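Trainee: Got a minute to go through this model with me? I'd like to talk about the backbone oddities and some of the packing.

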Amino acid sequence: MAARNAGGAARPGGPNRTCQFKLVLLGESAVGKSSLVLRFVKGQFHEYQESTIGAAFLTQTVCLDDATIKFEIWDTAGQERYHSLAPMYYRGAQAAIVVYDITNQESFQKAKNWVKELQRQASPNIVMALAGNKADVANKRTVEYEEANAYAEDNALLFMETSAKTSMNVNDIFMAIAKKLPIGPAQGEPTGTVDMNQPQQQQKGSCCK
Amino acid sequence: MATTTFYTKQRCNWIEGRDAKVDEVMREWMHKFCSFQDVKICVSTFNVNGKSPLSSFSGWFSQKREDIAEFYAVGLQEMDLSVGTYIIDNTKKMEGWVDAIHNSLPGGRTHYNVVGSMRLVGIFVIVFQATHSQVRVSDVNVKYVATGISVLVNKLGNKGGTAISMKMNDTWVCFVNAHFAAGNNELERRNQDFRDIYNDVVFYPRSQQEGYRDRPLEVPVMCLYDHDVVFWFGDLNYRLNTDLYGISNDDVRRIASSDKFGDLLQYCQLREQMARGTVFKDFEEPATLPFRPTYKYDCGTSIWDTSEKGRVPAWTDRILTFKKYPQVGLELIRPMESVEAITISDHKPVRALFNLKVKKINESGANSVYEEAIREADRRANEELPQVQLSSNEVDFGIVNYLEPKTRSVIVQNVGKSKVRFSFKVRPNAQNNQEICEKWLMVTPTHYQIPQGSSMEINLTVSISTDIVRRIQDILRNGQLQEILVLHLENGRDYFIPVTAIYNNSCFGSTLEKLLTIRPKKEVNLIDFEDFADNLPSDDCPQDIPRVIYRLVSALRVRGAKQLNIVEELDNEVFNRIRSALETGQPDDLSQLASSYMLYSALIRLLDSLDEPIIMEGMFKIIHKEMIKYRNDARQLWTTVRSSLPKPNQAVLELLCLMLREFFSQNYELRGQLSLWATVLFRHDSMDEKTHGMYPTVLQTMCDYAPDVSLG
């Protein structure tokens, strides 16, 4: 009997859950937001990535030991003139990657502003990561690793220096976010995740596509 | 300890139904992690007309070696017609029939075990498995659905369905035996029976039914369409529509008895309903039925019904199949047939032999391809995202003028792999009532669907109306009209389309103070304003009246009221000419430029576009109230004007009253224009019925007595 009851604690659908999360990339233009996404989703890199005018959308799934995380990625335009549109994308997002260019001090300041805005306006449970991109050109660095790391620690952000070009830390930063996301909501605590364990016919009416 | 095997078994990470895209890939890749085994399944349906069984029926199932199946699924209808069976659960007859079927199986009963059975009154389904079969049968579950006659709230169960669900290795199979409503004219009820059974055949895991919570959703709740394969058979009671085609019963019987019986299938109600998609969507049946109608015979014979009712023959007894997806290996391996030699009933049994490729999932294999399948599913999903190309990323209207709409278009080309639906998103913090853009911009269409490979034009129009021009200073950003449209593709990305326009600062939509500054000054820089300065007219325009207003009024007075035809049509082109003349100062004399009515309209528009009305309300909102109070007292009215309004407002008002006084004296009819002028000068709330009619009176009094007369 004990053996039978032991199984009773199992979550519906067993340990391997599938959850969907909205992730948004923010940061100054030309710091490499689209390149990070392209590297993560398609494993590609374009030296001359077109400027994003709008908000590009892609999905990518990552597998953790006990869950499958499906990211719905919104890659936003970085130009200042589109700043006022950003809330459309970070609202309702469960994760955000704020990107700066390690060779561009100003982009780091902008990143800090984004972090501040997210802390103020985004969901309080949002998982935030700071990515210092273009780590492949560290010889032209103007933002010190220690400086950014200290800032990230102060603000409880995940932090990595990344390179979309060499793919350094690209998967890692998404995986790190995935691991921090709330999988399996505690009772009575809605997190905005979508439990995809239920057969899809029964999902109508939920926020799952 | 037998129960522990379940927990020690390696788990498969892939659970169907979570993600349609991943399922699709996994199904395509099934050969990578599944082994398949050919399993013969024989299905038979028989309406036994309430008859007691013989001990066995030879010939019901083919005894040929190559036709012997591993599974036999049999559905009976009208197994028990006795009245008592509706009230008391009498299993005696059922036991007799189970024995009869068991005994009739090839090789005899010892070679088969019962997997499961289910009975609803006379609707009975049973599945046997050959003892030598290697297929692992699990999760057997049963269900019945009663339709037909209701007694109080319960269905009696004279019609309905019984079903058995099971897993053969890792393939989910369901057998549904149904008896639909009888009668030629009960087509709709038969369709309803189908829908009721289809929707209500849902299998809850036994553990849940029995209150065990030890393996909650390990076995999922299974709807009919969740099964890999469904066999649906029974007396579906669909008849022939031959009467609609004027084919007599005798003719039908003649054809049904001949080699041409197949010609009758085109009149089958079931075929017709399936073609219309009303029932048995995604179910299949062989294109032809190579056996005579199975209904209705005189019992004990193969002679068409000779009773008084003389039923028209029909294929009431059917076997249909459903496959969850195309890759499911299910095949009918012998022609479907009826067993004419069995004459006990007024129906004949029908049987069919299928081969099902039953799959066995290799869990570790499945897990190793699962992650790759997820990546493949992502790749496909991203590739299928809607994609468009915009003819321009930005729309610049250049200079726009008051009341001169300008249109630009953006061409959206669908370059993706499917049709695209687009719409415009409302921006966050939109202060424009959930509109997709500010009022000066119009977008058509705001949502549409573009077929793959096609393109369409979205028109953007900037239009500076009076409403907008009055608050143009609040709208301008960095001296420009600016907006960003957010074009959203359904299930896809967003595009930002910045729209800019430079508003041509005009005498329209200005303020009296500003208009006063537009006047020729001798001291202006002669190099910049050379032309303007050269043509300076001798200026008799009073200091407190804007020159543009003065010029319009002067031209109107020169032309006189006789030439003013207020039913003339407005011509925007002429209006733009007047506006341009007002702004450039050329020609200075407007009297020859356009008709009186166009000049008159331009004057009204000019006053109407000012940020504030000429007779403004003032800080304490008492001016209008006072004027209403003294509406018949010219002296008081002009006193109020002189004491409450700024100098330029007074001067303009006096000039306008002078002009109107002249007009009214020249053409009495023009007094009809008073309420229009009242609206322009006061901009009062036209919805306020109490005061609305009083403003024209105020104006009339003021026109009747010039201030120098009334104030002495």
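Mentor: Sure, we'll take the backbone, then a helix pair, then a sheet, bearing in mind that this is a predicted model.

Trainee: Backbone, then. Which peptide bond is cis, with omega near -10°?

Mentor: That's the bond from B:Thr444 to B:Pro445. B:Pro445 sits in the loop between strand S22 (441-444) and strand S23 (447-450) of chain B.

Trainee: And what about the bond from B:Gln586 to B:Pro587, cis or trans?

Mentor: Cis, with omega near -5°. There the proline, B:Pro587, lies in the loop between helix H15 (572-584) and helix H16 (596-609) of chain B.

Trainee: Why bother pointing these out?

Mentor: Because most peptide bonds are trans, and most residues other than glycine have a negative phi. On the phi side, look at B:Val121, which has a positive phi of about 50° although it is not a glycine.

Trainee: Where's B:Val121, and is it buried or exposed?

Mentor: It's in the loop between strand S3 (112-120) and strand S4 (123-130) of chain B. B:Val121 counts as buried because it has 25 C-beta neighbours inside 10 Å, and the cut-off for buried is 20 or more.

Trainee: How about B:Asn169?

Mentor: B:Asn169 has a positive phi of about 50° too, and it isn't a glycine. The loop here runs between strand S8 (159-168) and strand S9 (171-179) of chain B. With 18 C-beta neighbours inside 10 Å, B:Asn169 is partly exposed.

Trainee: Switching to helices: at what angle do H2 and H9 of chain B pack?

Mentor: About 120°, with the axes of H2 (20-28) and H9 (363-383) 8 Å apart. They are therefore oblique to each other, and the crossing is right-handed.

Trainee: Which residues make that contact?

Mentor: From H2(B), B:Lys21, B:Val22, B:Val25 and B:Met26; from H9(B), B:Ala373, B:Ile374, B:Glu376, B:Ala377, B:Arg380 and B:Ala381. By class, that's seven nonpolar, three charged and no polar residues.

Trainee: Now the sheet. What's the strand order in the open one with six strands?

Mentor: S5-S8-S9-S12-S14-S13 in chain B, with mixed pairing. S5 (137-147) and S13 (283-284) are at the edges with a single partner strand each, so one side of each has no neighbour in the sheet.

Trainee: How does S5(B) pair with S8(B), parallel or antiparallel?

Mentor: Antiparallel, over nine bridges. B:Asn141 stands opposite B:Ser165 in S8(B). Helix H5 (187-200) of chain B packs on the sheet, touching S5, S8 and S9, and its direction makes about 145° with that of S5(B).

Definitions and conventions: Residues are numbered from 1 along each chain as its sequence is written. Chains are lettered from A and ligands numbered from 1 in the order in which they are written. This is a predicted model: local features need pLDDT of at least 70, side-chain atom pairs count only at pLDDT 80 or more; totals for chains, interfaces and linings use all residues. Helices (H or I, at least four residues) and strands (E, at least two) are DSSP runs, numbered from the N terminus. A residue is buried if 20 or more other C-beta atoms lie within 10 Å of its own, exposed if 12 or fewer, and partly exposed in between; C-beta atoms are placed from the backbone. Axes are lines fitted to C-alpha atoms, for helices over the stretch in contact, and angles run from 0 to 180 degrees between N-to-C directions. Angles under 35 degrees count as roughly parallel, over 145 as roughly antiparallel, 65 to 115 as roughly perpendicular and the rest as oblique. A crossing is left-handed if the near helix is turned anticlockwise from the far one by less than a right angle, and right-handed if clockwise. Two residues are in contact if their C-beta atoms, placed from the backbone, lie within 7 Å. Ala, Val, Leu, Ile, Met, Phe, Trp, Tyr, Cys and Pro count as nonpolar, Asp, Glu, Lys and Arg as charged, and the others, Gly among them, as polar. Two strands pair if DSSP finds at least two bridges between them.
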